[in-house]
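Colleague: Please pick a single part of this model and look at it closely, following its partners outward into the rest of the fold. I would like the cut-offs stated as you go.

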Amino acid sequence: MTTPAAATALVLAGGGVAGIAWELGVLRGLADADPALADRVLAADLVVGTSAGSSVAAQVTSGVPLDELYEAQLRPETAEIEVDVDLPALVEQINAAMAGAEGPEDAGRRIGALALAARTTDPAARLAAIAARVPVPTWPERRLLVTAVDARSGALAVLTRDSGVALVDAVAASCAVPGVWPPVDLAGRPHVDGGVRSMANSDLAAGADRVLVLLPALEGAPALWGSSLDAEIAALAPSAVHVVHADQASVDAFGTNALSPATRAASARAGRAVGAAQAAAVAALWS
């Protein structure tokens, strides 16, 4: 899928609660090194958010200063729900459900069936936690794309301010990790995490001249499921693309459960260091 032409696009990928903190940290680190560069990145013509990245996207397009968004990640007080999940076991379960899938939509249907059958937390409590992440509950005027997957059809849903879906509901759907969080009803259909289709969905930035991707994973790490980042970047040609990956210190900060709110402060600080170190490369892309 392509979007209308944009000069610049900021793509914010999935990565759990730790990923939210890390991506905000990366942006804060860019501001440490070059405040004007950070302002230009935050003013990207197009913002694409998937899963954790949808939360970050809703925050950085809200008008709330980046400093405030970053500092909130350092405070122990949070509305996030602590969840005890064995992520390797969950990945194995999802991969087993996907075995033999005939294409991405079939894989999405299979994962959607798993999500619909799972016993998860109370949907109202989960929606309240998501609402606390979104400082301004209305869609921004800027072009913001939030991704989710229809749990029954397996099709990608690209949600915008013209979709007739509340921003908080769109973010909740994009963050509905199968088997962990409840699917979210959008227009009468259950939807799950946009990361089911791709952790970044960076191909949605096709047509932009310059694309910056923030991905809270080591460079070269295989995608847990969904399409590969390399394939998406190839599809973006001739756009100029730069990916900011997590480093080992960041991965250590994420720990064994990136969905835990206990990871927030360490992940934000690790991301800040990465952002400062990546500023020159980002400046080269954005100039």
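Modeller: Helices (H or I, at least four residues) and strands (E, at least two) are DSSP runs, numbered from the N terminus. The part I have picked is helix α1, which covers residues 16–33. This is a predicted model, in which local features need pLDDT of at least 70 and side-chain atom pairs count only at pLDDT 80 or more, whereas totals for chains, interfaces and linings use all residues. Residues are numbered from 1 along each chain as its sequence is written, and side-chain values use heavy atoms, with hydrogens and water left out.

I begin with the charged residues of the helix. Of salt bridges (a side-chain nitrogen of Lys or Arg within 4 Å of a carboxyl oxygen of Asp or Glu), the structure holds eight. One of them joins Asp 32 to Arg 28, whose closest N and O atoms are 2.5 Å apart; both residues belong to α1, and the four residues that separate them amount to about one turn of the helix. An α-helix has 3.6 residues a turn, so residues three or four places apart point the same way. The two partners fall into separate classes of accessibility, where buried means under 20% relative accessible area, exposed over 50% and partly exposed in between (1.4 Å probe, protein chains only). Arg 28 is buried because its relative accessible area is 14%, while Asp 32, at 36%, is partly exposed.

Asp 32 has another partner as well, Arg 272, with closest N and O atoms 2.6 Å apart. This salt bridge ties distant parts of the chain together, since Asp 32 sits in α1 while Arg 272 sits in helix α11 (residues 264–286), 240 residues apart. Arg 272 counts as partly exposed, its relative accessibility being 24%. Neither bridge stands alone: Arg 28, Asp 32, Asp 67 and Arg 272 are linked in a network of salt bridges.

The nonpolar residues of the helix come next. A nonpolar core is taken here as a set of buried Ala, Val, Leu, Ile, Met, Phe, Trp, Tyr and Cys residues joined through side-chain atoms within 4.5 Å. The largest such core has 53 residues, and those with the most contacts inside it are Leu 27, Val 41, Leu 159, Leu 212 and Leu 214. Eight residues of this core come from α1, the largest share. A second core, separate from it, has 19 residues and includes Val 48, Leu 204, Ala 205 and Ala 206.

Leu 214 shows how closely the core ties in with the helix. If residues up to four places away in sequence are not counted, the contacts of Leu 214 (heavy atoms within 4.5 Å) include Trp 22, Glu 23, Val 26 and Leu 27, as well as Leu 10, Val 11, Leu 12, Ala 13 and Val 244.

Trp 22 leads to a further partner. Rings of Phe, Tyr and Trp (its six-membered ring) pair if their centres lie within 6.5 Å, and planes under 30 degrees apart count as stacked, over 60 as edge-to-face and the rest as tilted. By that criterion a search of the whole structure finds one aromatic pair. The partners are Trp 22 and Phe 254, whose ring centres are 6.4 Å apart and whose planes meet at 85°, so the arrangement is edge-to-face. Here too distant parts of the chain are joined, with Trp 22 in α1 and Phe 254 in helix α10 (residues 248–254), 232 residues apart. Both Trp 22 and Phe 254 are buried.

The surroundings of Phe 254 bring in the loop between α10 and α11, where Thr 263 is found. With neighbours within four places in sequence left aside, Thr 263 is in contact with Val 17 and Ala 18, and also with Ala 253, Phe 254, Asn 257 and Ala 258. Thr 263 is buried, because its relative accessible area is 8%.

Elsewhere in α10 lies Val 251, which is partly exposed at 27% relative accessibility. Outside its neighbours within four places in sequence, Val 251 is in contact with Leu 218 and Ala 246. The C-alpha atoms of Val 251 and Pro 216 are 7.9 Å apart in space, although 35 residues separate the two in sequence.

Taken together, α1 contributes Arg 28 and Asp 32 to a salt-bridge network that includes Arg 272, supplies eight residues to the largest nonpolar core, and pairs Trp 22 with Phe 254 of α10.
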